[in-house]
Amino acid sequence: MTNRREVPGIRKYDAPAGGWGALKATSQAIWAQMETIKAPITLMRTNQPDGFDCPGCAWPDKEHKSTFQFCENGAKAVTWEATTKRVTPEFFAQNTVSSLLEMSDYELENMGRLTHPMVYDRGSDTFRPVEWEAAFARIGEILRGLTPEQIEFYTSGRASNEAAYLFQLFARELGTNNFPDCSNMCHEPTSVGLPKAIGQGKGTVSLDDFEECELIISIGHNPGTNHPRMMGTLWEASRRGVPIIVLNPLRERALERFQDPQAALEMATFRSTRIASTYFQVKAGGDAAALKGIMKALLELETEQGNVIDREFIAAHTQGYEALVADLEATKWPDIERVSGLTRPELEQAAAAYAKSNKTIVTYGMGVTQHNKGTANVRLIVDLLLMRGNIGKPGAGVCPLRGHSNVQGNRTVGITEKPNTDFLKKIEEVFGFTPPQHHGHDAVAAMQAMVEGKSKALLCLGGNFAVALPDSNACFPAMKQLDLSVHFGTKLNRSHLLTGKETYLFPVIGRTELDVQATGPQSITVEDSMSMVHASGGKLTPASPFCRSEPAIVAGIASATLPNSKVNWLDLITDYDKIRVLIERTLPGFEDYNERIRKPGGFRMPLPATERRWETPTGKAMFSVYDGVNEDAAYAGADVLRLVTLRSHDQYNTTIYALDDRYRGVFGRRDVLFMNEADMAEQGIEHGDVVDIETAIGDRKLRLEKITAIAYEIARGSVGAYYPEANVLIPLDYIDKESGTPSYKSVPVRLKRAADAFA
């Protein structure tokens, strides 16, 4: 298409990621949300030893001093929390819940910080103030009237280790392992797949490894938006000549070129650094085929020249290699090319670069995990690394890119619906009650139980539960039929407004704010994506004197619910050191917890695979077999495309900071569908046409109407639309069966031109 009509809000963006555009966006965020005098001081405390951990992404900091201090989206996360805007009881009195539901997600959160504990009043359709202790007493009364299996405990990845540990302890003393968690919706395939392969559910690399590596393979993630501090690491690697191979359906500006706002010469000369040395646009859902293609090409190189496969490592440390080889040999190149969307020469090029490198890191994000074969994708990445012995040595390894700043820590301290027996035994030894042994609900199972009317209560430790899940047309009504919903939050979101018979909304102290308990100011702890645990302490005055910390709210509800509890809940929150002592007594790796977090940078959790100790049932790292590449043939068709849900650059998970997505050239709107030009021509769609999208799975007709199609550099057969708006198209049960993670990234869809064909 050479001639395109002009589409409102769509224009080409030619600048690099970062640079002056990032500084301008940061200053605009500060101006819109904070007092400009306080803002620089607050930002300077981000990720510093005596400050607070960034409430955004989980990328670590070198020596706990930021390598990319003023990353744009980190600054947005801080200013969004430290805003001067307030949502008061007066605001709620003037706005019914029905009227608030008419607002966009962006408008709701942009109203500002919650200031008072509130309870929903059905008669007036408004939230009204409630006393903390009265709220706790009523919640306890309702919970005692339900069976434990009727109660769901949801945790957001921003909750601290201390809050998460108390939350799981409360639920288990109550009698349930129902822990729907945000990780169920993102990196659960990592938590399931890596233990099967290498004996641990976490990555194996550190920042030091990035300084030694000879090749980085980046699959299915957009670091400029979702883990922006990683850009400093990629920038440094590229400038010292490390090849970076990218596999991603969309061309993402941050993976193409980046201008470091802290590099004076780049900023002064308006130059930028190339990030990807090679960029392969894999088809949505084609990751497994692409990985198999690279491995198949690697075997062919071994036959041609030898010394490509690390046979010594494989013999000493692995099992299952022969089965992998047999499967790769049986997989046909035409099938690999068709499903991956990449050519054999392209995959052979990637294999040749990998064979040349002695130290390779593979990084991956939700573009790998949020598929109906997400766990298989993770295991195939490990297979690729194991073939050349690239796990358990400096400069090499697997690097899953976690999202929220403590999503990994929450899982470490017990937020899991599938607890191991050793942990449960420790709980019983230390606290004197027998926790439930059976597996509980993950996020999808919890919502399905709510839809069916089996679950009656939901306690949300942060997050935007219903909005984050697929199939909003099923999830939203299910929330409204609950007997009880309780939300901890800093800001108002749509899930808060899906009120049940009784709904409570509790304002919490944020990561940037001072948390003072009976013994004085407290620090919480978090774990980054490379397993470093460190302290975080805010300095700002809380948004309201009525705000309470998450640990304090959990303790208050638990104490009111369990009058004969084995736990002295209220004593624990007088000094968070007491909570950390209990974590140390019940979980391995936290020895001398309080002493070690008082050192700048904290400490690293044990990672046996980094020492080539494989805590699998066999004591070996395990290769996997992914049969064929045609598993989705049932959803094939000439007019079927694969939908990828996307975050905009002005967004973090469900939080939308503004309506621009400047790196993709979208401004002031979110109702767009990114399409390949060849696909548009084939389907008779022009740039700017308005289309309806319909899920192409069986006889289900989930629809998203009146979306403007725009031409974009995206792989053939793939389309992209914004999350969470496009969640309406994802069936609740279209999941990775091994992990339960919804398939947000490869939903089969069909397009139909809407009646109004122009934007």
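## Polar contacts of arginine 494

A polar contact is a pair of N or O atoms within 3.5 Å, where, within protein, one atom must be able to donate a hydrogen and the other to accept it. In this predicted model, a polar atom of the arginine 494 side chain lies 2.4 Å from the backbone oxygen of methionine 103. The side chain of arginine 494 also joins that of aspartate 105 in a polar contact of 3.4 Å.

## Setting of arginine 494

Arginine 494 belongs to helix H27, which spans residues 494-497. Its relative accessibility is 10%, so arginine 494 counts as buried; the cut-off for this class is under 20%.

When neighbours within four places in sequence are left aside, arginine 494 is in contact with Leu101, Met103, Ser104, Asp105 and Leu108, and also with Asn464, Val467 and Phe476. Met103 and Asp105 thus appear in this list of contacts; methionine 103 supplies the backbone oxygen described above, and aspartate 105 the side chain of the 3.4 Å polar contact.

## A salt bridge within helix H13

The structure contains 46 salt bridges. In one of them, the side chains of arginine 253 and glutamate 256 meet with an N to O distance of 3.2 Å. Both residues lie in helix H13 (residues 253-256), and because they are three residues apart there, about one helical turn separates them. Arginine 253 has a relative accessibility of 13% and therefore counts as buried.

## Salt bridges with exposed partners

Arginine 613 and glutamate 615 form another salt bridge, in which the closest N and O atoms are 3.7 Å apart. Arginine 613, at 39% relative accessibility, counts as partly exposed, whereas glutamate 615, at 52%, counts as exposed. The value for glutamate 615 places it in the exposed class because that class begins over 50%.

A further salt bridge links lysine 701 to glutamate 694, with 3.7 Å between the closest N and O atoms. Here the lysine is the exposed partner: lysine 701 has a relative accessibility of 53%. Glutamate 694 has a relative accessibility of 21% and counts as partly exposed.

## A network of shared partners

Salt bridges also occur in a connected arrangement. Asp181, Glu188, Arg411, Glu417 and Lys418 are joined into one network by salt bridges that share partners.

Notes. Residues numbered from 1 in each chain as written. Predicted model: local features only at pLDDT ≥ 70, side-chain atom pairs only at ≥ 80, totals over all residues. Heavy atoms only, no water. Salt bridge = Lys/Arg side-chain N within 4 Å of Asp/Glu carboxyl O. Helix = DSSP H or I, 4+ residues; strand = E, 2+ residues; numbered from the N terminus. Buried < 20%, exposed > 50% of the residue type's maximum accessible area, 1.4 Å probe, protein only. Contact = heavy atoms within 4.5 Å.
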